[in-house]
Amino acid sequence: MWSFFHKLSSPKYYYEWSGKWIPWLGGITILLTALGVYWGLVIAPTDYQQGESYRIIFIHVPAAWMSMFIYMVMAVAGFIALVWKTKISEIVVSECAVIGAVFTALALITGMLWGKPTWGTYWQWDARLTSELILLFLYLGVISIHSAIEDPRIAARAASVLAIVGIINIPIIHYSVTWWNSLHQPNMELVSESPSMHPSMLIPLLIMAIAFKVYFGWLLFIRVRNEIISRERSTNWVKKLILAS
Amino acid sequence: MRTKRKQRLIFIVILLVGFSCAAALGLYAMRQNIMLFHTPSEVNSGEVATDKLFRIGGLVVEGSVVKGNDGLTTEFNLTDTMDTVEVRFTGLLPDLYRERQGIVAQGKLNDAGVFVAQEVLAKHDENYMPPEVAAALKGSGAPHPDSIPKSSY
Amino acid sequence: MQEFFYMGGKGFFVWGSYGITAFGLILSLVIASRRKGKLFKEIEDSFEE
């Protein structure tokens, strides 16, 4: 186990190892997304209260989960980057920031498009909405550190500190609807005797959640591999790889 | 080498603890501002500065909705199951507005103690189910999700 | 079929959400795979110099 992680910290090994995963992740993403979208838009019944607009949940909630999940991955990578100073973890921090920002923006936009027909407003300075917006700014902060500091290794150190400190926002987002009065509905109880969601709607939601997770792995691997090639361009193994292609 | 790594670890932990404390204190100090709305109980007990615009949230009391002659003004009572405030609103209500629905209204109290709203937003709950299931729940005598007062009201 | 696209009058919001999400996720993939092509070409060209 430990030796596997040790091996993964070598750019060459990581490049070869992640390359094997990419076609699988891509295939699973496409299959699950097609299934989840069809189930969510066609098979799943209309909601008793919100009618058809609730169907936005099948992308909004998975995207919002991803926005927090990717942040935690980024913070863990930042922690490893600060303590063990491995190149791969530094790259993972910068690539997670881009993908996380995309998912956070999507969660915010789909949430606004859901808010208008249900609440009656696109935006409200509600604790949940505001803390999710702060999450977007944290991602943008990590991205801008990387573009502002030329030396990628120094940039990675500053970005990792921001990533780790910003993790405080994650429990705030999650509990915002419990701690404060908010317009946003409370968290769903998915694991309980009477779940908040009928199984006919819960299944497509979970399919989409898994599809987004696999998509994240797929895109992350592609982006990390690109960055490895870019940074290791003067090494022999990259030269060989490119001559062979 | 090992002690250097350890130092970095300790540095990160101290950093994180420090920022958590700062964030917790900051949020605690601002908790009134983070509350999006106040409950009817808070308003009636005078905990809310009523000379300014503020938001009030609760459930629309069943049977209390009265439409005005102009077709645009609606009057209803808003409750948090403990206390009630009368609300008046002129304008278009959101689709989800109905009796027993959770709503958030922004406005001001007038001299008669009526909350004159400028904006009414519907606050839906976290329950999702097909209409048949909702109807079956209602018929079986189990509490309808609409009617369960949420702790946040 | 028309009813399906109408989405009970909420078509703009439902299709808008799905459309923007599809756009964002596909664009991210296209950008990443384009960068790979560019990088490979750039490094290959540097061999000739």
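## Exercises on a predicted three-chain model

Chain C has 2 helices and 0 strands, where helices (H or I, at least four residues) and strands (E, at least two) are DSSP runs numbered from the N terminus. Before you start: this is a predicted model, so local features need pLDDT of at least 70 and side-chain atom pairs count only at pLDDT 80 or more, while totals for chains, interfaces and linings use all residues. Residues are numbered from 1 along each chain as its sequence is written, chains are lettered from A and ligands numbered from 1 in the order in which they are written, and side-chain values use heavy atoms, with hydrogens and water left out.

### Exercise 1: chain C

Task: work out the box, the buried share and the surface of chain C.

Solution. Start with the C-alpha atoms: along the principal axes they fill a box of roughly 60 × 15 × 10 Å. Next comes burial, where buried means under 20% relative accessible area, exposed over 50%, and partly exposed in between (1.4 Å probe, protein chains only). By that rule, 33% of the 49 residues in chain C are buried. The accessible surface of chain C is about 3400 Å², and carbon and sulfur atoms own 64% of that. Those areas come from the Shrake-Rupley method with a 1.4 Å probe; for residues, only the protein chains shown count as cover.

Then do the charges. Lys and Arg count as positive, Asp and Glu as negative, and His and the chain ends are not counted; each charge sits at NZ of Lys, CZ of Arg, CG of Asp or CD of Glu. Chain C has 6 positive and 6 negative charges, with mean positions 10 Å apart.

### Exercise 2: the overall build of chain A

Task: does the radius of gyration of chain A agree or disagree with that of a compact globule?

Solution. First, the elements: chain A has 9 helices and 0 strands. Second, its extent: the C-alpha trace spans about 60 × 35 × 30 Å along the principal axes. Third, the rule: the radius of gyration is taken over C-alpha atoms, and the globule value is 2.2 Å times the number of residues to the power 0.38. For 245 residues that puts a compact globule near 18 Å; chain A has 20 Å, so the two agree.

Now look inside. Of the 245 residues in chain A, 57% are buried. Contact means heavy atoms within 4.5 Å, and among the contacts in chain A with a separation of 6 or more, 75% join residues 24 or more positions apart. The accessible surface of chain A is about 10100 Å², 71% of it from carbon and sulfur atoms.

### Exercise 3: two buried residues in chain A

Task: which residues do A:Thr104 and A:Tyr14 touch, not counting residues up to four places away in sequence?

Solution. Take A:Thr104, which sits in helix α4 (residues 87-118) of chain A. A:Thr104 counts as buried because its relative accessibility is 0%. Its partners are A:Ser67, A:Glu132, A:Leu135, A:Leu136 and A:Tyr139.

Then move to A:Tyr14 in helix α2 (residues 11-43). With a relative accessible area of 6%, A:Tyr14 is buried too. A:Tyr14 touches A:Leu8, A:Ile88, A:Phe221, A:Val224 and A:Ile228.

### Exercise 4: where chains A and B meet

Task: what covers the buried residues of helix α7 of chain A, and which residues does B:Pro131 contact?

Solution. The buried residues of α7 (residues 169-179) include A:Ile170, A:Ile173 and A:Val177. Their cover includes α3 (57-83) and α5 (127-148) of chain A, together with α1 (2-29) of chain B.

For the second part, find B:Pro131 in helix α4 (residues 131-139) of chain B. At 36% relative accessibility, B:Pro131 is partly exposed. Leaving aside neighbours within four places in sequence, B:Pro131 is in contact with A:Thr46, A:Asp47 and A:Tyr48.

### Exercise 5: positive phi in chain B

Task: in which loops of chain B are B:Thr81 and B:Arg100 found?

Solution. Some background: most residues other than glycine have a negative phi. B:Thr81 has a positive phi, near 75 degrees, and is in the loop between β3 (73-79) and β4 (84-90). B:Arg100 has phi near 70 degrees, also positive, and is in the loop between β4 and β5 (102-109). Finish with exposure: B:Thr81 is partly exposed at 49% relative accessible area, and B:Arg100 is partly exposed at 23%.
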